[in-house]
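Let's take a walk through this one, side chain by side chain. Have the viewer open and follow along.

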Amino acid sequence: EGFPAARAGVKTGDRILAINGQPISSWYDVRPLVLAAGGSELQLRLQRGDEQLVLSMTPEKSDSSDDYIVGVSPEQQTALKRYGPIKAIKAGYDQALDLIKLTLIFIQKLFSGQVSAKNIGGPIMIFQVAGQAMQTGFSTVLTFMAFISIQLGILNLLPVPILDGGHLFFYLFEGIFRRPLSMRAREILQQLGLVLIVMLMVFAFYNDIVKFQLFKNLFGWFRSG
């Protein structure tokens, strides 16, 4: 409530079909178009029930960042389905593939700049999302655990020295050139990989702290103490 989308007449359950004539196929398509418009007016084509609507709205600056926002979020719909043992294995396999595709799409859009690096989170974000999952149900907790495991697995397979993906890169190099990398080269690459991992961890913690305003809370606690 109170954001441009609500003021323009967008309602819960509306489906965004296009923004400024650009078709929307997934939630990840929305943010880049909003950011590209800056403070300019947007034309949204929506599906509401059996009819289509066109609404106009102007994004506004976020209070917590320099990003432009309209005040919408994806609707979370859940349904409990029960399967037999064989169908459960197939359903789990399909769900795992969907989570892998979602993670790879996120990484691709992250490197292409279509998704902000501010979406990268650390332990604090994991605890928050886990708490939300606990309130929803045990099946949601299991799905969240599977999603985290898949993300860690994909991260571990990236060709970064010190990770398993880095070792696979060394094996690939040895298989192609019929000789291993020199010990000095391995040490330098592993040190570089360690630096990259530490930088990623620091960045994730920074995002967590900024997002949840821990510095502000700690500062207030120290002042009150």
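**Charges, a helix face and some rings**

Start with R48 and D14, whose side chains meet in a salt bridge, 2.7 Å from N to O. Keep in mind as you look that this is a predicted model. What does this pair tie together? R48 belongs to strand β3 (residues 42-48), while D14 sits in the loop between α1 (4-8) and β1 (15-19), so the bridge links parts that are 34 residues apart in sequence. As for how much of each partner shows, R48 is partly exposed, at 22% relative accessible area. D14, at 17%, counts as buried, because the cut-off for that label is under 20%.

How many salt bridges turn up in a search of the whole structure? The answer is four. The general idea is simple enough: side chains of opposite charge can pair when their charged atoms come close.

Another of these bridges joins D94 and K90, at 3.0 Å from N to O. Here both partners lie in helix α3 (residues 85-112), four residues apart, or about one turn of the helix. That spacing makes sense, because an α-helix has 3.6 residues a turn, so residues three or four places apart point the same way. K90 is exposed, with a relative accessibility of 53%, and D94 is partly exposed, at 30%.

Now jump to helix α7 (residues 183-212), where R184 and E187 are three residues apart, again about one turn. Their side chains form a salt bridge too, with an N to O distance of 3.8 Å. R184 counts as exposed at 55% relative accessibility, whereas E187 is partly exposed at 35%.

Next, leave the charges for a moment and go to helix α2 (residues 30-37). Which of its residues are buried? They are V30, V34 and A37. Looking down the axis of α2, you'll find these buried residues within an arc of 65 degrees, so they line one face of the helix. And what does that face pack against? The buried residues of α2 pack against β1, β3 and β6 (68-69). Two of those names should ring a bell: β3 is the strand that holds R48, and β1 comes right up in the description of D14's loop. Just after α2, G38 takes a positive phi, of about 60 degrees.

On to the rings. The structure holds two aromatic pairs. In one of them, the ring centres of F169 and F170 are 6.1 Å apart and the planes make an angle of 55 degrees, so the pair counts as tilted. The two partners are quite unlike in burial: F169 is partly exposed, with a relative accessible area of 40%, but F170 is buried, at 1%.

F173 and F177 make up the other pair, also tilted, with 4.6 Å from centre to centre and 35 degrees between the planes. These two are four residues apart in helix α6 (residues 164-177), which puts about one helical turn between them. F173 counts as buried, at 15% relative accessibility, and F177 as partly exposed, at 48%.

One last stop brings charge and ring together. Go back to the buried F170 and look for R186: its charged end sits over the F170 ring, 4.7 Å from the ring centre.

Methods. Residues are numbered from 1 along each chain as its sequence is written. This is a predicted model: local features need pLDDT of at least 70, side-chain atom pairs count only at pLDDT 80 or more; totals for chains, interfaces and linings use all residues. Side-chain values use heavy atoms; hydrogens and water are left out. Buried means under 20% relative accessible area, exposed over 50%, partly exposed in between (1.4 Å probe, protein chains only). The arc is that of the directions from the helix axis to the C-beta atoms. Contact means heavy atoms within 4.5 Å. Rings of Phe, Tyr and Trp (its six-membered ring) pair if their centres lie within 6.5 Å; planes under 30 degrees apart count as stacked, over 60 as edge-to-face and the rest as tilted. A charge sits over a ring if NZ of Lys or CZ of Arg is within 6 Å of the ring centre and within 35 degrees of the ring normal.
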